[in-house]
Amino acid sequence: AINSGNTFRVASPLSNVTSELADIDWDNLGFGFMPTDYMYIMKCAQGENFSKGELQRFGNIELCPSAGILNYGQGLFEGLKAYRKHDGNILLFRPEENATRLMMGAERMCMPSPSVEQFVEAVKATVLANERWIPPPGKGSLYIRPLLMGSGAVLGLAPAPEYTFLIYVSPVGNYFKEGLAPINLVVETEMHRATPGGTGGVKTIGNYAAVLKAQSAAKAKGYSDVLYLDSFQKRYLEEVSSCNVFIVKGNLIVTPAIKGTILPGITRKSIIDVAINQGFQVEERQVSVDELLDADEVFCTGTAVVVSPVGSITHQGRRVTYGNDGVGLVSQQLYSALTSLQMGLSEDKMGWIVEL
Ligand code: COI
């Protein structure tokens, strides 16, 4: 990409033509779907390995009504982002981590998965083919959504005979409508996101359908989202519908340990390292809901939400507030450290950035 003043001219790898940035309102990106130019598709039969994929014009896909994904939810998704730097370079953040997580999830869901190399190459190709949709620096990012699904037909319950790996992208801004302002959570006491031995620890599509009811009810009452408790003792924090949770007490930062029911977030893992590097003490352990009462700050992490400060949490009618109506200092500090790395504004000492 070539940066001439405020205009980025992007070269399409497919057509050899130079095109302008997409003509959209870059100043008001939210987290909504926007169709782009190309998607990546790779298929393989059960028992075989993925071998060769290709870019196709973005559009609807055809599935047999009896496809494993439609009937039995045999599917996983991933999420990562590409940022455009001021010098025009494009940056990915730890894409091999998404590839590894997809492989682990595929094993749990009885699916073949692309290798780490295939995954990363496919992500790169899809991002480059859609380069004109990557927001200008500071305006947002290109959200990359890989899907892995049982696309072959089944009727009796069994792994599908064919699998499709697909990647599409969409330009995004802030996830929550609050933008970067603190969000208000409510603790869910009846419904649970995951159970021991279930699939809470993998990014299976069904985990996200399962939280819609509690999330919708919370939103109808004016909350931003739901904080789930463990399904056994109904006492320990798990995660929010779309992100992991952290609490801050002085120099100590605590987050629920990954024990099968919690999604192993890549932002979660990165924030733990960033916080340790900045001199915080970090504990991954069981976190009782009572610990919310004396926390200084609470924040959520995820690819989509990045680092989102929490302004209040309501549990059994009792509302605890954080950050005095503003963003807590620690949340702000960790948000800035992570996003400056992701946007290429600070030195990547961890080797997390993949430059295209
Ligand atoms: C992400 O943060 O990338 C996710 O996959 C969460 C999703 C619900 C938007």
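Here is a walk through this structure, from the whole chain down to single residues.

Keep in mind from the start that this is a predicted model. The chain has 7 helices and 20 strands. How does its radius of gyration compare with what the globule rule gives for 356 residues? The chain comes out at 20 Å, close to the rule's 21 Å, so it is as compact as a globular protein of that length. If you follow the C-alpha trace along its principal axes, the spans are about 60 × 55 × 35 Å.

Now look inside. Buried residues account for 45% of the 356 residues in the chain. The contacts tell you something about how the chain folds back on itself: take those between residues at least 6 apart in sequence, and 70% of them join residues at least 24 apart.

Let's zoom in on a lysine, K203. The UniProt annotation, from an unreviewed entry, marks K203 as "modified residue: N6-(pyridoxal phosphate)lysine". Where does K203 sit along the chain? You'll find K203 in the loop between strand 11 (183–188) and helix 4 (205–209). Being in a loop doesn't put K203 on the outside here: K203 counts as buried because 24 C-beta neighbours lie inside 10 Å, and the cut-off for buried is 20 or more. Setting aside neighbours within four places in sequence, K203 touches L76, F77, E78, R101, G105 and L263.

Next comes the ligand. Around the ligand you'll see G79, Y208, S242, G302, T303 and A304. What kinds of residues make up this shell? There are 2 nonpolar and 4 polar residues, and no charged ones.

Time for some strands. Strand 10, residues 162–172, is mostly covered, with 9 of its 11 residues buried. Which strands pair with strand 10? One is strand 4 (residues 38–45), which runs antiparallel to strand 10 and is joined to it by 6 bridges. To find this pairing in the model, look for A45, whose bridge partner in strand 10 is E162. Another is strand 9 (residues 141–150), which pairs with strand 10 in the antiparallel sense over 10 bridges. Here you can use G150 as your marker, with Y163 as its bridge partner in strand 10. While you look at these strands, a general point helps: in a regular strand the side chains alternate between the two faces of the sheet.

Stay with strand 4 for a moment, as Y38 is part of it. Is Y38 buried or exposed? Y38 is buried, because 24 other C-beta atoms lie within 10 Å. Y38 also shows how the fold brings distant parts of the chain together: Y38 and A129 are 91 residues apart in sequence, but their C-alpha atoms are 6.3 Å apart in space. Beyond its neighbours within four places in sequence, Y38 has contacts with L55, Q56, R57, F58, T126, A129 and N130.

For another such pair, go to G138, in the loop between helix 3 (116–129) and strand 9. G138 is exposed, because it has 11 other C-beta atoms within 10 Å, and the limit for exposed is 12 or fewer. The C-alpha atoms of G138 and W26 are separated by 9.9 Å, with their positions 112 residues apart along the chain.

Strand 15 (residues 252–256) is another one to pick out. Since 4 of its 5 residues are buried, strand 15 is largely enclosed by the rest of the structure. Strand 14 (residues 244–249) pairs with strand 15 in the antiparallel sense over 3 bridges, and I247 stands opposite V254. These two strands form a hairpin with 2 residues between them, and G250 in the turn has a positive phi of about 60°. Strand 15 is also joined to strand 16 (residues 281–285) by 5 bridges, and this pair runs parallel. There, L252 has Q281 as its bridge partner.

Finally, compare V306 and Q316. V306 is a residue other than glycine with a positive phi, near 60°, and Q316 likewise has a positive phi, near 50°. V306 lies in strand 18 (residues 306–315) and counts as buried, because it has 22 C-beta neighbours inside 10 Å. Q316 lies in the loop between strand 18 and strand 19 (318–321) and is exposed, because 8 other C-beta atoms lie within 10 Å.

Terms used. Residues numbered from 1 in each chain as written. Predicted model: local features only at pLDDT ≥ 70, side-chain atom pairs only at ≥ 80, totals over all residues. UniProt positions renumbered as here; feature names shortened; annotations may be inferred. Contact = placed C-beta atoms within 7 Å. Rg over C-alpha atoms; globule rule 2.2 N^0.38 Å. Near = placed C-beta within 6 Å. Nonpolar A, V, L, I, M, F, W, Y, C, P; charged D, E, K, R; others polar. Pairing = 2+ DSSP bridges.
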